[in-house]
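Please look over the sequence and the 3D structure shown below before reading on. The report then takes up a few chosen places, one after another.

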Amino acid sequence: MVAASLDAALGLIGQGAVATVVGRLVPGVVVVDVDVDGVAGWAIAEHVCAWADRNAVWRLLRPSGGADGRAHVFLAGGNLEDLPDFVASLRDSYGVPSSMVDVRREVRPLSAPHRTGVDTAPLGDVRAAQQALVATLMDAAIAAPSPLPVDDRADVALMPVRRRTRRDLPREWSTYLLTGVAPAFQEGADSSRSAVEHVATVRMVQAGWTAPEAWATIQAAHPEAMQRARESYRRWVRTAWNTAVRRDDAHQPVPTPDDPVAEAVLAARCALLEVAWTLPPKARPGLLTVGHAVLDRMERTNCLRVPVPERNLVLDTGVADRRTIRTQLRRLHAGGVGRLHKDSFVPARHSSSYEFEILPLADGVSIIDPPSFHTPYAHIHPSSLHGPRHTWTTLRHLPATPTPPTELAQLCLLTDSPTSTATPRQLRTLLQGLHTLQREGLAACTADGLWHRTLAPIPRELLLLDQQQRAPLRATVQAERAAWRSGSSWSSARAAAVKANRARQRQWWGSLSETERAHRRQEWSEKFAGLSLVDQERVKAHLAQRDQISGVAPDDRRRAWLASLAEGEFAARSQQRAAWFEGLPDPLKIAHATAWARDRARVAQSRLATTSVRRQ
């Protein structure tokens, strides 16, 4: 098992079969492990210490605890490149194999007990050795830099993780800043001056203000408002602003949709897992990432039909390839998780997009809740978790109760089937993802080797890292949307491509003989007549959307068709259709009439959209 920190590892000692722990040394620090018993072992250790003193290398000697003479010599700083050669010469001099004297990076920490209980306290002044080690690492610049800029000054104003659009304060707090009259608090609540100023600062954070904007407002406020805060910027930042920011970052609410929506989404998640099991293991993370993102949006909006713009899903999932997102949406549609509505996308409207819908459950249907957790509003997306591709899906399906890895492999969809046993390779893959989550504080391992999800909020550092990694995607999406809405060269090139393709189609159709055209018309007419009513309506909607993209108005197409008919042909067609309709059963008559009404409404809507575009 692997612990996320030294404190967590030491806390496992004594639980179950855990007797001690082993850790990996930081870069620039190594240890020489001497496993030779007796006087020879101590002599080898003294040779290593003497070499360190000659080369100005920090060192610390401690008994390893295996037997008398066995020891660990910790070394840091200076030039350690010659150490392996020196250790090899010691082995030759004493005639011992490499397994008994070698240079290692993994060793039992100084604070960890020996598995047998033998005292292995370091020799010499440990406090002085610690101070010398810190100075050595700082002088040699060995300590690895943090991926995020860290400022230990308490008076540096923090930036909230949630990026909100700036808005005005609520009326009662705007009045407080203008008049100095504080809003009424609930009976029994703390209404002291400090509490009022703290709540006012919280409202500024929630309104999307920056620290400089908030401080400027405080300075210009009524003399009886924010009196204590106005006395010291540093104190206000330390005690009010940064406290409000940290609490805002830690607040990760879970959506509370209505019961019908929650039940339908839960059933859709079960269907999503069933579809994922039909795919190879490597293809499952992409489907689960996009599928859960769509269902999360339904829970947040409390609606079973939501828009699914590809660019929004790019930001939600971190999947930069929009073709991959398109593929996953098609899989969700084909697998029965829900229905992807493509007819909701109208190129003439910038705000339109495909929409995804799931159906509400019938009354009396019971669904067993699968082990999962909901992504909070202040969420992280898969690319923020550096690890295997399945790390995010592992977190989504990781239960809060300790579970053995063999069961987790099935819960996290890493096995070949829902009932198959995980192979050693699949277990190694699972543990890689769990170790990544453990380093971020999102998963924990018990002394018995059982894993579970932690209930602690997502660390602020990980949320900030997520914001940094999301910034390039956000900039790309904003640029693409701006180009689309401004009618840039991309839109012009797309329109030109559609026009050129339409011209090629007309040229091909014009190259056919009249006999061939009639044959093709008859063939496609028979195919259309053989379709079901639903399929016929779908074909007509697709053709209408194609005409709209190509710029062909429904009225123009109808007039062209009427002009192509011979004299008397329209009347004959009308009589044939009337006779055919009279011969249908009543249910089919109603179904056809309803479908025609929907088609007329769609044509009327398209006519209005075309007229609006022309007026603009």
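Leaving aside its neighbours within four places in sequence, which residues is T201 in contact with?

## A buried threonine in a predicted model

The structure is a predicted model, and every value given here was computed from it. Once neighbours within four places in sequence are set aside, the residues in contact with T201 are M226, W236, A240 and W241. T201 itself belongs to helix α6, and because its relative accessible area is 0%, below the limit of 20%, T201 counts as buried.

## Two helices that cross

Helix α6, which spans residues 193-206, meets helix α9, which spans residues 233-250, in such a way that their axes come within 9 Å and cross at roughly 50°. An angle of that kind makes α6 oblique to α9, and the crossing in which α6 passes α9 is right-handed.

On the side of α6, the contact is made by H198, T201, V202, M204, V205 and Q206. The residues of α9 that take part include W236, A240 and W241, and these three are also among the residues that T201 is in contact with.

## An open sheet and a helix across it

Another part of the model is an open sheet of three strands, arranged in the order β7-β9-β8 with antiparallel pairing. Because β7 (305-307) and β8 (339-341) each have a single partner strand, they stand at the edges, and one side of each is left without a neighbour in the sheet. Ignoring direction, neighbouring strands of this sheet are turned by 25° against each other on average.

Strand β9, made up of residues 355-357, runs antiparallel to β8 and is joined to β8 by three bridges, and R339 stands opposite E357 in β9. Helix α11 (residues 284-301) lies across β7 and β9, and the direction in which α11 runs is at about 110° to β7.

## Salt bridges along the chain

Side chains of opposite charge can pair when their charged atoms come close. The count for this model comes to 23 salt bridges, and a few of them are described here. In one of them, the side chains of R70 and D37 meet with a distance of 2.7 Å from N to O. This pair links distant parts of the chain, since R70 lies in the loop between β3 (58-63) and β4 (71-76), while D37 lies in the loop between β2 (29-34) and α2 (38-54), 33 residues apart. How exposed or buried are these two partners? R70 is partly exposed, with a relative accessible area of 27%, and D37 is also partly exposed, with a value of 44%.

A salt bridge within one helix is made by R520 and E516, whose side chains meet at 3.0 Å from N to O. Both residues lie in helix α19 (residues 514-529), four residues apart, which is about one turn of the helix. R520 has a relative accessible area of 27% and is partly exposed, and E516, with 28%, is partly exposed as well.

D53 and R59 form a further salt bridge, in which the closest N and O atoms are 3.2 Å apart. Here D53 counts as partly exposed at 49% relative accessibility, and R59 is partly exposed at 34%. Salt bridges can also be joined into a network, and in this model R269, D296, E299 and R396 are linked in that way.

Technical notes: Residues numbered from 1 in each chain as written. Predicted model: local features only at pLDDT ≥ 70, side-chain atom pairs only at ≥ 80, totals over all residues. Heavy atoms only, no water. Salt bridge = Lys/Arg side-chain N within 4 Å of Asp/Glu carboxyl O. Helix = DSSP H or I, 4+ residues; strand = E, 2+ residues; numbered from the N terminus. Buried < 20%, exposed > 50% of the residue type's maximum accessible area, 1.4 Å probe, protein only. Pairing = 2+ DSSP bridges. Axes fitted to C-alpha atoms, helices over the stretch in contact; angles between N-to-C directions. Contact = heavy atoms within 4.5 Å. Parallel < 35°, antiparallel > 145°, perpendicular 65-115°, else oblique. Left-handed = near helix turned anticlockwise from the far one by under 90°.
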